[in-house]
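Here are some exercises to help you find your way around a new structure. Try each task before you read its solution.

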Amino acid sequence: FTEMPTDNFVESSFWNFDALFQPQQHPARDQHDTFFLQDPAEAPELPPSYVAKVKKIHSHGGYGSQGYKYEWLLEEARKNLLRTHTTSASARALYRLACQEKFSPVKYFSIDRVFRNESLDATHLAEFHQVEGLVADRGLTLGHLMGILKQFFSKLGITQLRFKPAYNPYTEPSMEVFSYHEG
Amino acid sequence: DEEFNDLCFEFGLELDEITSEKDIISKEKGAEKAKGASDIILYKIDVPANRYDLLCLEGLVRGLQVFKERINLPRYEKIIPAQGEGQKLIITKETAKVRPHAVAAVLRNITFTKECYDSFIDLQEKLHQNICRRRALVAIGTHDLDTISGPFTYTAKAPSEIKFKPLNQSQEYTASQIMDLYRTDSHLRHYLHLIENKPLYPVIYDSNGVVLSMPPIINGDHTKISLNTRNVFIECTGTDITKAKIVLDIIVTMFSEYCEKPFSVEAAEVVCPNGKTHIYPELAYRKEKVKPELINKKIGINETPSNLAKLLTRMCLKSHAIENGNNIEIEIPPTRADVIHACDIIEDAAIAYGYNNIQMTIPKTYTIANQLPLNKLTELLRLDLAAAGFTEVLTFALCSQEDIADKLGTDISTTKAVCIANPKTAEFQVARTTLLPGLLKTIAANRKMPLPLKLFEISDIVVKDPNKDVGARNYRHFCAVYYNKSPGFEIIHGLLDRVMQLLEVPPNKENGYTIKATEGSAFFPGRCAEIFAKGQSIGKLGVLHPDVITKFELTMPCSALEINIEPFV
């Protein structure tokens, strides 16, 4: 797995949410879950052709999707925030891959800090680290994903895993991984 | 209980807690108050955010029963009443500026019991919180149809012109009085702002001028639904027509179960200001075709088309194989508004198959691994710095404005710091532009540790940068502090020399590093130097100024070093 550059804590809503198909009215984009920035408040630069594509998919659908069918606003996407997941860096990495002339299969990973606007308690901090991994290739299946997760966790010493269906705006099928300790 | 837990797990729900009303009250108010409360076991189930059809008991049970193949998914029918007999909702143009859209439907001859009545009210609240975004996008109003007579008018009027008896009140109030009345209500005060400052407030009247509701705040008492209500008029108003339609579909599909003709909904006509009429609820059934090979391939299983069709039918997506098994036709019911792409269908097939039944494999993708150079350098330095006797710390990237400015003797405007608009506490106002405050705060929190305290951190700081596409960037900094009875400038200087030695940067001006005496606001005058390498200033080192030390609540002298390591990658 190759390490992705994640050297930006500040991210625009576009890369953090919109490019990941998270609708603009989604509760995670609320004031109380995300740190929005006062300064710099807006991202000055976004890739124009990609923005147009994202706008279309959100509001009308495309590529086989019905879309969310709401009015997609550019100002909302420009809002700067402290990234809530390293998936925004993955989105950028995939965009760079897509802009390549020829597709080459890749495996990426990153381990870096993310920020969520939550009150601190015994098990929650406002900043924490996330591990992110992705594989891009032709002919990948859900079984492959589960296989990699199994190998990853067994290296950490966790062998009993169960997978549960879950919901994520940007992954489908989605799952949560539960592990059991013989304790 | 375990069986149910497993079922929920398989289906994609989380059984959060098994408790009872008595337990809940015990936990919150103490065992005394809980005496006499119900002992009936309650299940707290976490439902995924996109499954509006599972938000009420009726929908949840229906979904699970179809999953277990106990029942077939009911067919939801829209009954269009004969011309002139149906209910009509006329929208006037005044609503355009405040809450333009509305949809409506009727549940005919419904029988309420206490449980399903509570469930009905509960579902509306849950939908309000979830898809309606706390009533901002859509608000639901349900009314006893026998207390009013159509056609109904949805319009907007000045607050002083609206007067009615709100739900559960004993007298009439004008709209402005209602705003004041509910300002202290723990539940409703959060919604007042949605219309409060608009010149016109939305209001729905029947043909006799009786107020049905003032969305999104409150319904009228006149149309209150009781256990004896037989016919229900449902209206959903809002700013997002797609969501309003979805909300209406969910309510009617869930509760038409209790109508005399189960799962049938009486349609209503909505007339828009431009004269166009629509019939609601839409209750659209959408057909999609997905190839069985695609489903098998994406999941990593090998099922026959008819088996796949069976799996999907178990997830409330009625399907059958067509074209001799080359394709599967799926009918998406109105309760599954979350299915918007073939991948949603594939996910449902996988869930029905059982995620834990899928064989796990490793992809044959052949790639060569690589570490990011900056991170590789960081890892190498960390090891050697620990070997030099310094302890690593990991501190917060967010801090208060004083931490990076006032306490270090500079002004915030010179720091180019990134400011947060909505911090929850004053501790997280800005993103740090220097690692020093974090280290000093760590020392302050560890005063009981034996001296000398030698700490370091290699981590990112954030500054504004107009050249980056988001307007800010990270720099990887390395910072070390030495805290002891004597400042230890020589120790910090020695550490710098060691780091440069590791980075193979010679101590000369042409192609290495040099230090030059300078003045720094955070440093003791005459004990501060700037470090130059690779043609630029990369940081400072020196003995910290006593003011800085006291402002961070420390008592001993301290020397510090901070440099940007990115030029050395």
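**Exercise 1.** Work out what share of the contacts in chain A between residues at least 6 apart in sequence join residues at least 24 apart.

*Solution.* Start with the rule: a contact means heavy atoms within 4.5 Å. Next, keep just the contacts in chain A whose residues are at least 6 apart in sequence; 66% of these join residues at least 24 apart.

A quick note on the ground rules: this is a predicted model, where local features need pLDDT of at least 70 and side-chain atom pairs count only at pLDDT 80 or more, while totals for chains, interfaces and linings use all residues. Residues are numbered from 1 along each chain as its sequence is written, chains are lettered from A and ligands numbered from 1 in the order in which they are written, and side-chain values use heavy atoms, with hydrogens and water left out.

**Exercise 2.** Decide whether the radius of gyration of chain A agrees with that of a compact globule or not.

*Solution.* First, take the radius over C-alpha atoms; the globule rule is 2.2 Å times the number of residues to the power 0.38. For 183 residues, that puts a compact globule near 16 Å. Chain A comes out at 18 Å, which agrees. As for its extent, the C-alpha trace spans about 50 × 45 × 30 Å along the principal axes.

**Exercise 3.** Classify the ring pair of Phe178(A) and Phe9(B), and say where each residue lies.

*Solution.* Step one is the rule: rings of Phe, Tyr and Trp (its six-membered ring) pair if their centres lie within 6.5 Å, and planes under 30 degrees apart count as stacked, over 60 as edge-to-face and the rest as tilted. By this rule there are 18 aromatic pairs over all chains. Here the centres are 5.2 Å apart and the planes sit at 70°, so Phe178(A) and Phe9(B) are edge-to-face. Step two is location, using helices (H or I, at least four residues) and strands (E, at least two), which are DSSP runs numbered from the N terminus. Phe178(A) is in strand β8 of chain A and Phe9(B) in helix α1 of chain B, so the pair joins two chains.

**Exercise 4.** Are Phe178(A) and Phe9(B) buried or exposed?

*Solution.* Buried means under 20% relative accessible area, exposed over 50%, and partly exposed in between (1.4 Å probe, protein chains only). Phe178(A) has 23%, so it counts as partly exposed. Phe9(B), at 7%, counts as buried.
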